[in-house]
Amino acid sequence: AKPAEETEPKPDATARSPNVRDLEKQLEAALGMKVVVRTEPGNTSGTVEVAFDDLDQLDRFLARVLGS
């Protein structure tokens, strides 16, 4: 049997709408990095989390975002 942490979905993983999951996939394809979009329940605010594997990947991301 798998440990409980592997068999139970994460709370925010099940709360994401299909639109948010689609946005995550689009951003991941464009950036080549893992992206998680979290929205606040009952609110229009949230966060976008971009994961990087190493400092070179972070530098490339920053260059794209900052336009340098």
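In which helix does Asp 56 lie? I open with that residue, and I note at the outset that the model is predicted. Asp 56 belongs to helix α4, which covers residues 55-66. Its relative accessible area is 52%, and because the cut-off for exposed is over 50%, Asp 56 counts as exposed. On the surface, Asp 56 gathers with Asp 53, Asp 54 and Asp 59 in a patch of negative charge.

Let me now set helix α4 in its context. The protein chain has four helices and two strands. Read from the N terminus, the order of the elements is α-α-α-β-β-α. The chain comprises 68 residues, and 13% of them count as buried. It exposes about 5,600 Å², of which carbon and sulfur atoms supply 53%. As for contacts between residues at least 6 apart in sequence, 16% of them join residues at least 24 apart.

I return to helix α4, for two further residues. Gln 57 also lies in this helix. Is Gln 57 buried or exposed? With a relative accessible area of 10%, Gln 57 falls under the 20% cut-off and is therefore buried. Leaving aside residues up to four places away in sequence, Gln 57 touches Gly 32, Met 33, Ala 51 and Phe 52. Leu 66 is another residue of helix α4. Here the relative accessible area is 64%, so Leu 66 is exposed. Together with Leu 62 and Val 65, Leu 66 forms a nonpolar patch on the surface, and the accessible area of these three residues together is about 290 Å².

My next topic is the salt bridges. How many does a search of the whole structure find? The search finds two.

One of the salt bridges joins the side chains of Lys 34 and Glu 28, with a distance of 3.5 Å from N to O. Lys 34 is exposed, at 51% relative accessibility. Glu 28, at 24% relative accessibility, is partly exposed.

Arg 38 and Glu 49 also form a salt bridge, and their closest N and O atoms are 2.8 Å apart. This pair links distant parts of the chain: Arg 38 sits in strand β1, residues 34-39, and Glu 49 in strand β2, residues 46-51, with their positions 11 residues apart in sequence. Why is Arg 38 classed as partly exposed? Its relative accessibility is 29%, which lies between the 20% and 50% cut-offs and therefore gives that class. Glu 49 is partly exposed as well, with a relative accessible area of 40%.

I turn next to Val 50, which has its place in strand β2. Val 50 is partly exposed, at 24% relative accessibility. Which residues does Val 50 touch, not counting those up to four places away in sequence? They are Leu 31, Met 33, Lys 34, Val 35 and Phe 61. In this list we meet Lys 34 again, the residue whose side chain forms a salt bridge with Glu 28. Val 50 may also be placed relative to Leu 27: the two are 23 residues apart in sequence, and their C-alpha atoms are 9.2 Å apart in space.

The last residue I wish to show is Glu 24, found in helix α3, residues 18-31. Its relative accessibility is 8%, so this acidic residue counts as buried. The contacts of Glu 24, again without residues up to four places away in sequence, are with Arg 16, Val 35, Val 36 and Val 37. Val 35 is thus a residue that Glu 24 touches, and Val 50 touches Val 35 too.

To close, I suggest three places to view in the structure above. At helix α4, please find the exposed Asp 56 and the buried Gln 57. At the strands, please find the salt bridge of Arg 38 and Glu 49. At helix α3, please find Glu 24, which counts as buried. Thank you for your attention.

Notes:
Residues numbered from 1 in each chain as written. Predicted model: local features only at pLDDT ≥ 70, side-chain atom pairs only at ≥ 80, totals over all residues. Heavy atoms only, no water. Patch = residues over 30% accessible without salt bridge, like charges linked within 9 Å, V, L, I, M, F, W, Y side chains within 5 Å. Areas by Shrake-Rupley, 256 points an atom, 1.4 Å probe, with all protein chains shown as cover. Salt bridge = Lys/Arg side-chain N within 4 Å of Asp/Glu carboxyl O. Lys, Arg positive; Asp, Glu negative; His and termini not counted. Charge placed at Lys NZ, Arg CZ, Asp CG, Glu CD. Buried < 20%, exposed > 50% of the residue type's maximum accessible area, 1.4 Å probe, protein only. Contact = heavy atoms within 4.5 Å.
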